[in-house]
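Colleague: Before we rely on this model, could we go through a few of its local details together?

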Amino acid sequence: VRKEDGVVTYFNGTMPIFRHGADDLRSFRMITAQFCVTGVASQVQIIRTFGVSKAWMLRAVRCYREKGPQGFFAPRKTRGAAVLTPPVLEQVQALLDRGIETQEAAERLGLKPNTVKKAVLAGRLHRRPRVEGTADASAAAGVDQAANSVRCKSDRSVIDNAAEMGVGATQTMERVWASLGLGQAGGIEPRFVPACDVTNAGVLLSVPALLATGLLRHTQQHFTLPKGYYGLPSLFLLLAFLALARVKSIERLRYDVPGEWGKLLGLDRVPEVRTVREKLAHLSEQGTAIAWSAALCQEWMDSAPEQANVLYVDGHVRVYHGEQTKLPRHYVSRQRLCLRAVADYWVNAMDGQPFCVVHQDVDPGLVKVLENEIFPRLLKEVPGQPTDAELEADPLLHRFTVIFDREGYSPELLKNAKKQRIACLTYRKRPGPDWPEAEFTEQAVKLVSGNVTKMWLAERKVYLGDKVWVREIRRRTASGHQTAIVSTDYRSALPSSAAAMFARWCQENFFRYMREHYGL
């Protein structure tokens with residue numbers, strides 16, 4: 001077998017016996033099946049030579065034996081239209097030409113509205129665009145009827161499918177300018193037009209919140225894109241909208257209507273998946289994402305300095321399903337398995353508001369991440385820290401408090417953090433025997449949400465690991481179970497320390513809700 005200039009030639013010895021085009025799959029199936037049936041070659045030889053599957057080969061041989069060579073070139077049998085027959089299509093089209101809506105036309109003819117809408121989307125039926133007001137009034141006012149029209153999804157589908165530059169690419173001149181490098185540095189300027197029936201249009205309600213949290217702030221200082229049709233604002237908004245619409249992969253854009261997503265961005269259509277990936281790769285190669293995140297983190301902390309005094313550090317595991325590298329295995333509690341994954345350590349306020357995140361491809365553990373990355377960063381970014389003179393005057397005063405899981409329990413870590421005047425709060429490993437019930441007193445504890453609850457609490461001073469003095473606080477439940485925490489915050493009242501740790505379910509529920517409902 002030889003392939004040359006897009007033509008495949010089969011030889012028996014030195015004599016050519018059959019030829020077909022390289023993209024002629026039907027001829028390929030017919031000749032290979034004929035070789036097997038006539039004994040020229042075995043099925044195993046065909047499978048190994050061309051890399052086809054055994055099931056594929058068996059179907060081809062069966063088709064040749066039952067129908068002969070013509071069976072490979074016969075047109076495929078289809079069921080045909082069962083409801084929208086040609087006479088019915090003519091009746092529906094006549095109603096649509098009169099300006100009647102698709103739903104009303106379907107009801108008049110006793111059809112399902114979805115059946116008529118699908119026919120419009122497939123191009124078998126065509127609707128006249130709806131224009132507000134009369135044509136004479138619009139012309140007299142000098143208003144463009146196309147710009148003043150409110151189109152539904154069916155109308156937009158017809159226009160997008162007829163676009164000369166591709167599905168949905170209706171802004172021809174802007175795309176030509178961008179391709180020639182004559183567009184703006186930030187991409188084409190969005191232009192929103194009236195429309196109805198836009199899929200996922202509810203995400204537009206989140207735009208004020210996204211802008212308030214700084215989605216588009218500092219992007220020009222930290223990221224750059226070459227001149228093109230799609231700029232940084234459109235790309236960042238697209239990624240935010242995909243997350244809010246629970247689209248877990250960019251590849252899902254291949255299966256959505258491109259023009260509908262474009263309407264949400266003020267453009268004609270959404271970029272191709274390949275374009276999005278190229279732009280994201282270009283941004284990631286600049287290595288400025290951490291600096292951008294740090295700038296936003298500094299803004300968030302400065303806007304809420306009272307919340308930045310007590311910070312939670314929580315680790316989350318993200319499973320890696322790729323094959324490009326062999327990552328360490330982590331225990332994934334949701335699946336109860338040890339899987340290859342990366343770790344993200346989030347720094348949050350007590351109410352669950354996220355401040356920053358530290359990403360670890362190879363996770364050294366929470367203790368090392370706290371000492372080497374989180375503590376140094378917080379010392380630079382947490383606002384409202386006491387001055388050196390204030391710290392020297394008050395030995396019990398601390399800069400801020402960091403709360404973390406049992407994974408970060410280490411007397412050595414608590415000792416080093418105390419030297420930096422960082423108060424720590426965590427669960428105690430191996431707390432030992434239960435304390436007597438007489439030591440516990442009922443305390444009123446105010447939660448982060450503002451609610452007040454009752455807890456049975458007790459406190460002792462403990463010299464932990466022969467390295468550091470800590471406050472050990474225990475909570476006793478109604479069943480008698482005792483939970484122990486240790487703290488190097490020597491100034492806060494007992495109920496406040498208990499609320500910071502034992503009411504931590506507020507923050508955990510927030511992140512569990514975000515993971516389950518938004519995939520974040």
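Colleague: Which backbone atom lies 2.9 Å from a polar atom of the side chain of H222?
Modeller: In this predicted model, H222 is found in helix α12, which spans residues 219–222. The partner of its side-chain polar atom, at 2.9 Å, is the backbone oxygen of H218.

Colleague: Is H222 buried or exposed?
Modeller: Leaving aside neighbours within four places in sequence, H222 is in contact with Q286, T288, A291, W292 and A295. Its relative accessible area is 19%, and because the cut-off for burial is under 20%, H222 counts as buried.

Colleague: Which helix gives the largest share of the largest nonpolar core?
Modeller: That core has 33 residues, and those with the most contacts inside it are I374, L378 and F404. Leaving aside neighbours within four places in sequence, I374 is in contact with V313, Y345, V347, V358 and V369. The largest share of the core, six residues, comes from residues 366–381, that is, from helix α17.

Colleague: How many residues does the second, separate core have?
Modeller: Its members include L225, V273, W292 and L296, and W292 is also one of the residues in contact with H222. The size of this second core is 30 residues.

Colleague: Where does pLDDT stay under 50?
Modeller: The mean pLDDT of the chain is 84, and 91% of its residues reach 70 or more. One stretch under 50, for which the model has 12 contacts beyond four places in sequence, is residues 131–148. Another, for which the model has 21 such contacts, is residues 505–520.

Key:
Residues are numbered from 1 along each chain as its sequence is written. This is a predicted model: local features need pLDDT of at least 70, side-chain atom pairs count only at pLDDT 80 or more; totals for chains, interfaces and linings use all residues. Side-chain values use heavy atoms; hydrogens and water are left out. pLDDT is the predictor's confidence in each residue, from 0 to 100. Contact means heavy atoms within 4.5 Å. Helices (H or I, at least four residues) and strands (E, at least two) are DSSP runs, numbered from the N terminus. Buried means under 20% relative accessible area, exposed over 50%, partly exposed in between (1.4 Å probe, protein chains only). A polar contact is a pair of N or O atoms within 3.5 Å; within protein, one must be able to donate a hydrogen and the other to accept it, and residues adjacent in sequence count only if both atoms are side-chain atoms. A nonpolar core is a set of buried Ala, Val, Leu, Ile, Met, Phe, Trp, Tyr and Cys residues joined through side-chain atoms within 4.5 Å.
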